[in-house]
Amino acid sequence: MAERIIEKEKKVKRHSLSVIIVHWTVALSTFLLFFSGFGQMPIYRRYGLVNVPGFAWADNFVINSQIHYAAALVLIAAVVYHIVFHVSLKQFDIMPRKGDVKESLLIIKAMLGMGKEPPSDKYLAEQRLAYLFIALNLLVLIITGIIKVYKNFSLVDVNYTFVTWVTALHNIATFLLLFGIAAHLAAFIFKANRPLIRGMFTGKVDLEYVKHRHSIWYEKLLQTKKQDKSM
Amino acid sequence: MDNISRRDFLKRTAVAAAITGGAVIGAGQRKTLAENPAAGEGLATLYDLTRCDGCKGLAEPQCVAACKLKNQDRYPEPIEDIPDYWPQKKHEDWSGKRDLTNRLTPYNWTFVQEVSVQKNGRTYNLSIPRRCMHCDNPPCAKMCPFGVMEKTKEGSVLIDHNFCMGGAKCKEVCPWGIPQRQAGVGIYLKVAPKLAGGGVMYKCDFCQDLISQGKEPACVSSCPKGAISFGPKAEMKAFARSLAETIQGYVYGDKENGGTSTFYVSPVSFKDIDSKLKEQGNGPRMHDAQNPLETLNGMGKAMLVAPVAGLVAAGIASYKTMKGEE
């Protein structure tokens, strides 16, 4: 079991190496997809990015498409890995639960100094909601993206109206994802969330932070520890 | 002229016509083809460069005049104060040059190039009508970031003028740079005219309204020399090959950019024609155009590996985790 209390270091193992690699693979491929995706429109020449040293190629639609395809390949592999890995291990801590919207509001209020923050499990309610929002948009982008790749083959006849809607959906999901990622990063404006940043690099977070904020998860970790000892 | 007419060709190739689904030229049959995409590869035109003389002696080539007359109500009417493409201090405006017919513009969707090419000590003065080739796998339509270009079952490639943002990507990915932009018109004016979009793109639409009714495009019916043939694509392709064989000439448009719905037959090689066009620098060339989608489609196939790789890696990782390994 990857999650455990490390008393000696006063840390808690929060993420396995697998989770860290998938997170950053998705982050990097998504960044490349955003860059090359926006590069499908003629904005890099118009707005002068091509004049920045090292970016003279940025207005080349074919190069941008090649980057888009390569990054999409990596993203699809990472997403399939993520789903299969966590479903096979029955790890669903990050899936939204009933009452998460209400609980998120309470957490945000508490961070703004209004009221007491409710105890959290491994993930905060808003993290679970953010995950669902980002995951759904990524799935829409992947499915519509696959259709867009398929229609590019010669001898393939995909209905025009369908392609127009698929393209519109792909473009809308792009902006929603951009918003979702901006919100994900904006969460770290709040000091209370910052101990989690370390977790996504080292896999570990401070024990005191977990005791204080993720008390439900901490109790579960204690139970697991007891069970392991009694075996 | 040691040339065969389309009528002769059709007589001689009754067998070929049978192979192509009994596609003998006839409006009724053409209508059937237009209504049923499965009936063939759509429609096509053939330019016989041994017949076209650019309508010498007339004020302008008749195909150009007919195209302008047919489409006059569809030309852009831009707003008076056209905004620049911020932060650049320019915009593309052809509205003051509506009468220009010696090049493609948003107000002129076909024009005739003139070249002189030497072959075996003889000079060939060729007139080459140019417009959209209506490619089989059109990169302009497939790569449009807003998906507002259509390849119809009749074979034409259309731009939806109501939703085109005028980024001109279609012109850039077209090997011949055919679509032309007019600023100050279109949906971009209603979104963020100073920041995004650039107008609307215009080009030949193969007279989609006519061909979908089994009629000929305006340029075809207006040609006084019978230099432009029109019909089912398989038939036009066979005709182009046969004609080229008869005159010991060359065909352009069959393989270029992965295949098109426009064939040119010339007594001199298109390589020689292209060198002249390149030298003259007057518009679309006749080079060995490669379809940019081809390089992408190889990567598209490779994408099939992605889910398999993810699946296998997850299987191994989850097994190791279950066994207590990290």
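User: How many helices and strands make up the secondary structure of chain A?
Analyst: This is a predicted model, where local features need pLDDT of at least 70, side-chain atom pairs count only at pLDDT 80 or more, and totals for chains, interfaces and linings use all residues. Residues are numbered from 1 along each chain as its sequence is written, while chains are lettered from A and ligands numbered from 1 in the order in which they are written. Helices (H or I, at least four residues) and strands (E, at least two) are DSSP runs, numbered from the N terminus. Along the sequence, chain A reads β-β-α-α-α-α-α-α-α-β-α-α, so to speak a tally of nine helices and three strands.

User: And what are the helix and strand counts for chain B?
Analyst: Same kind of run, next chain along. Chain B comes out at 13 helices and ten strands.

User: What share of chain B is buried?
Analyst: A residue is buried if 20 or more other C-beta atoms lie within 10 Å of its own, exposed if 12 or fewer, and partly exposed in between, with C-beta atoms placed from the backbone. In chain A, 28% of the 231 residues are buried. For the 326 residues of chain B, the buried share is 46%.

User: How many residues of chain B are in contact with chain A?
Analyst: Two residues are in contact if their C-beta atoms, placed from the backbone, lie within 7 Å. On that basis, 36 residues of chain A are in contact with chain B, and the number on the side of chain B is 40.

User: Which element gives the largest share of that side of chain B?
Analyst: The chain B elements that give two or more residues to the side touching chain A are α6 (169-173), α12 (292-302) and α13 (305-322). By class, that side has 22 nonpolar, twelve polar and six charged residues; here Ala, Val, Leu, Ile, Met, Phe, Trp, Tyr, Cys and Pro count as nonpolar, Asp, Glu, Lys and Arg as charged, and the others, Gly among them, as polar. The largest share, twelve residues, comes from α13(B).

User: Why do the buried residues of α13(B) line one face of the helix?
Analyst: The 18 residues of α13(B) should span 26 Å at 1.5 Å a residue (the expected span being 1.5 Å times one less than the number of residues), and the end C-alpha atoms are indeed 26 Å apart. B:A306, B:G310, B:A314 and B:A317 are the buried ones, with α1 and α3 of chain A among what covers them. The face turned away carries exposed residues, including B:V305, B:I316 and B:K320. The buried residues line one face because, going by directions from the helix axis to the C-beta atoms, they fall within an arc of 75°.

User: How wide an arc do the buried residues of α1(A) cover?
Analyst: Helix α1(A), residues 17-38, reaches 31 Å from its first C-alpha to its last, close to the 32 Å expected. Its buried residues are A:S18, A:V22, A:S29, A:T30, A:L33, A:S36 and A:G37, and what covers them includes α3 (61-88) and α6 (160-186) of chain A together with α13 of chain B. On the other side, A:L17 and A:F31 are exposed. The buried set lies on the same side of α1(A), since it covers an arc of only 135°.

User: How far apart in space are A:I21 and A:F201, C-alpha to C-alpha?
Analyst: A:I21 is found in helix α1 of chain A. With 15 other C-beta atoms within 10 Å, A:I21 is partly exposed. A:I21 and A:F201 are 180 residues apart in sequence, yet their C-alpha distance is 9.3 Å.

User: Which helix gives the most to the largest nonpolar core?
Analyst: A nonpolar core is a set of buried Ala, Val, Leu, Ile, Met, Phe, Trp, Tyr and Cys residues joined through C-beta atoms within 7 Å. The largest has 66 residues, and B:L46, B:A240 and B:V265 are among those with the most contacts inside it. Its top contributor, with five residues, is helix α10 (233-247) of chain B.

User: How many residues are in the other core, the one with A:V22 and B:A306?
Analyst: That core lies apart from the largest one. A:A71 and A:L141 are also among its members, and its residue count is 23.

User: Which residue is the bridge partner of B:S116?
Analyst: Strands β2(B), residues 111-119, and β3(B), residues 122-130, pair in the antiparallel sense over nine bridges (pairing needs at least two bridges found by DSSP). Two residues sit between the strands of this hairpin, where B:N120 takes a positive phi near 50°. In β3(B), the partner of B:S116 is B:N125.
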